[in-house]
Amino acid sequence: MIRLNLPSFEIKLSGTREHPVIFDVLRRRYVSLTPEEWVRQHFIHYLIDHKGYPASLLANEVALTVGDKQLRADSVLYDTHLCPRMIIEYKAPSVAITPKVFDQAMAYNTLLHVDYVIVSNGLEHYCCHIDYETRQYAFVKGIPDYQDIT
């Protein structure tokens, strides 16, 4: 896998050469190692180990329903009352971060109404804060520490 613009962590791999798997600390099981999963695992460990996010308030592959359509948010951060606070959308390193990628995360936000949306392909990371009073969002410099968003 490609080296990312994220700190390394103790990676737990298993499976076969044809079907490698990586341990997901949040789902507590091995999952298929895809380029997007590579980014997800690095980013989750970055949030927990370097930004102070509690693992107990993070969830991967959160199921959402819009009418009869089933969606999955890549990762969601909850507050201590289990209300969603942040959506994190991952793409493979080969996928450019475009407005279409943000539109995908914002579509999830129509259901979750979070304060922050992050998009990352492991090489580039963007975070925006949503102001519901003005109905606008503003990009935040860097990825905020957990203590700065609580």
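**D24 and its partner**

I started with D24, which counts as buried at 0% relative accessibility. This is a predicted model, so I am reading computed values throughout. A buried acid made me look for a partner, and I found R27: the two side chains meet in a salt bridge, 2.4 Å from N to O. As a reminder to myself, side chains of opposite charge can pair when their charged atoms come close.

**The other salt bridges**

How many salt bridges does the structure hold? I get eight.

I looked up E61 next. E61 pairs with R40, and their closest N and O atoms are 2.8 Å apart. This pair links distant parts of the chain, with E61 in strand β4 and R40 in helix α1 (residues 35-51), 21 residues apart. The two ends sit in different surroundings: R40 is buried at 2% relative accessible area, while E61 is partly exposed at 26%.

Then I checked K51, which meets D145 in a salt bridge of 3.2 Å, N to O. That one also ties distant parts together, since K51 is in helix α1 and D145 is in the segment after β9, 94 residues away. K51 has a relative accessible area of 18% and is buried. I note that the cut-off for buried is under 20%, so K51 falls on the buried side of it. D145, at 25%, is partly exposed.

Which residues are joined into one network by salt bridges that share partners? I wrote down D24, R27, E36, E37, R40 and E61. So the D24 and E61 pairs belong to one network.

**Helix α1**

R40 and K51 both sit in α1, so I went through that helix. Twelve of its 17 residues are buried, so α1 is largely enclosed by the rest of the structure. My list of the buried ones runs E37, W38, V39, R40, Q41, H42, F43, I44, H45, Y46, L47 and K51. Charged residues are on that list too, including E37, R40 and K51.

I also checked the length. At 1.5 Å a residue, α1 should span 24 Å, and its end C-alpha atoms are 23 Å apart, which agrees. After the helix comes G52, with a positive phi near 80°.

**Helix α2**

Next I took α2 (residues 99-112). It has 14 residues and reaches 20 Å from first C-alpha to last, close to the 20 Å expected. Its buried residues are V101, F102, A105, M106, Y108, N109 and L112. Seen down the helix axis, these fall within an arc of 155°, so they line one face of α2. The spacing is what I would look for, because an α-helix has 3.6 residues a turn, so residues three or four places apart point the same way.

What covers that buried side? I found strands there, among them β4 (58-66), β5 (69-78), β6 (84-90), β7 (116-120), β8 (125-131) and β9. On the face turned away from the buried side I noted the exposed residues P99, K100, D103 and T110.

**Positive phi outside glycine**

Most residues other than glycine have a negative phi. I looked up two with a positive value. H113 follows α2 and lies in the loop between α2 and β7; its phi is about 55° although H113 is not a glycine. R135 has a phi near 60° and is placed in the loop between β8 and β9. R135 is exposed, with a relative accessible area of 77%.

**G122**

I then went to the loop between β7 and β8, where G122 is found. Is G122 buried or exposed? Buried, at 0% relative accessible area. Leaving aside neighbours within four places in sequence, G122 is in contact with L4, N5, L6 and V39. V39 is one of the buried residues of α1. I also noted the C-alpha separation between G122 and S56: 23 Å, with their positions 66 residues apart along the chain.

**A nonpolar patch**

Last, the surface. Y126, Y137 and F139 make a nonpolar surface patch of about 320 Å². Y137 belongs to strand β9 (residues 136-140) and is partly exposed, at 45% relative accessible area. β9 had already turned up among the elements covering the buried residues of α2.

Methods: Residues are numbered from 1 along each chain as its sequence is written. This is a predicted model: local features need pLDDT of at least 70, side-chain atom pairs count only at pLDDT 80 or more; totals for chains, interfaces and linings use all residues. Side-chain values use heavy atoms; hydrogens and water are left out. Patches are made of residues with over 30% relative accessible area and no salt bridge: like charges are joined within 9 Å, nonpolar side chains (Val, Leu, Ile, Met, Phe, Trp, Tyr) within 5 Å. Accessible areas come from the Shrake-Rupley method with a 1.4 Å probe; for residues, only the protein chains shown count as cover. A salt bridge is a side-chain nitrogen of Lys or Arg within 4 Å of a carboxyl oxygen of Asp or Glu. Helices (H or I, at least four residues) and strands (E, at least two) are DSSP runs, numbered from the N terminus. Buried means under 20% relative accessible area, exposed over 50%, partly exposed in between (1.4 Å probe, protein chains only). The expected span of a helix is 1.5 Å times one less than its number of residues. The arc is that of the directions from the helix axis to the C-beta atoms. Contact means heavy atoms within 4.5 Å.
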